[in-house]
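Visitor: Can you walk me through this one? I'd like the fold, then some contacts.
Guide: Sure, take a look first.

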Amino acid sequence: MMQLAQQAQVSTEVRRVSAYVFVSCAQPKRIVHALSRLPGVLKADALLGASEAVLVVERHNFEALQTLLTEVQSTPGVKKVSVKLAA
C-alpha cells in the first residue's frame with residue numbers, strides 16, 4: 001500500500017519545463033553576460049558569425065518560464081526572442 005501512495009505522489013508532481021531560447025541582438029557577448037545571471041538560465045552562448053545568442057533555460061512551470069522570457073525580451077539590446085520547448 002505504501003508503494004502505491006509513493007507512486008501516486010510521484011505521478012502528481014509538476015514536471016519542470018525546459019526550453020532553448022534564441023535571442024537576436026546586436027552584441028551577443030554582452031547579452032550573454034547579462035542573461036546568464038537570470039535565475040533559470042542554465043547555459044548561455046553567443047553564436048559565432050551571427051547576431052544571435054542561445055540560452056538553455058529551465059523553470060518549474062510554464063508561468064515561471066513565461067516570466068523568465070519576459071525578462072529576456074525586456075533586456076536592453078534584445079531585438080527578438082524565439083523559443084523552442086524541449087521534449
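**Sheet, helices and side chains**

Guide: Start at Leu-85, which sits in strand β4. Helices (H or I, at least four residues) and strands (E, at least two) are DSSP runs, numbered from the N terminus. This is a predicted model, where local features need pLDDT of at least 70, side-chain atom pairs count only at pLDDT 80 or more, and totals for chains, interfaces and linings use all residues. Residues are numbered from 1 along each chain as its sequence is written, and side-chain values use heavy atoms, with hydrogens and water left out.

Visitor: Which surface patch does Leu-85 help make?
Guide: A nonpolar one of about 290 Å², together with Phe-62 and Val-83. Patches take residues with over 30% relative accessible area and no salt bridge; like charges are joined within 9 Å, nonpolar side chains (Val, Leu, Ile, Met, Phe, Trp, Tyr) within 5 Å. Areas come from the Shrake-Rupley method with a 1.4 Å probe; for residues, only the protein chains shown count as cover.

Visitor: OK, fold next. What's the order of elements?
Guide: From the N terminus, α-β-α-β-β-α-β. That is 3 helices and 4 strands.

Visitor: And how are the strands of the sheet ordered?
Guide: β2-β3-β1-β4, in an open sheet with antiparallel pairing. Two strands pair if DSSP finds at least two bridges between them.

Visitor: Which strands are at the edges?
Guide: β2 (41-46) and β4 (78-85), each pairing on one side only. Neighbouring strands are turned by 20° against each other on average, direction ignored. Axes are lines fitted to C-alpha atoms, for helices over the stretch in contact, and angles run from 0 to 180 degrees between N-to-C directions.

Visitor: How many bridges join β1 to β4?
Guide: 7, with β1 covering residues 17-25. Within that pairing, Tyr-20 has Lys-84 as its bridge partner.

Visitor: What about β2 and β3?
Guide: 5 bridges, again antiparallel. Lys-43 stands opposite Val-56. The two strands form a hairpin with 5 residues between them, and Gly-49 in the turn has a positive phi of about 75°.

Visitor: Where do the helices go?
Guide: α2 (residues 28-35) lies across β1, β2, β3 (52-59) and β4, at about 170° to β2. α3 (residues 62-73) also lies across β1, β2, β3 and β4, at about 155° to β4.

Visitor: Switching to Val-17. Buried or exposed?
Guide: Buried, because its relative accessible area is 8%. Buried means under 20%, exposed over 50%, partly exposed in between (1.4 Å probe, protein chains only).

Visitor: What does Val-17 touch?
Guide: Beyond its neighbours within four places in sequence, its contacts (heavy atoms within 4.5 Å) include Val-57, Phe-62, Leu-65 and Leu-85. Its C-alpha is 9.0 Å from that of Ala-64, 47 residues apart along the chain.

Visitor: How many salt bridges?
Guide: 2, each being a side-chain nitrogen of Lys or Arg within 4 Å of a carboxyl oxygen of Asp or Glu. Glu-58 pairs with Arg-16, with the closest N and O atoms 2.8 Å apart. Glu-58 is in β3 and Arg-16 in the loop between α1 (2-12) and β1, 42 residues apart.

Visitor: And the other pair?
Guide: Lys-43 with Asp-45, at 3.3 Å from N to O. Lys-43 is partly exposed at 47%, and Asp-45 is partly exposed at 31%.

Visitor: What share of the chain is buried?
Guide: 28% of the 87 residues.
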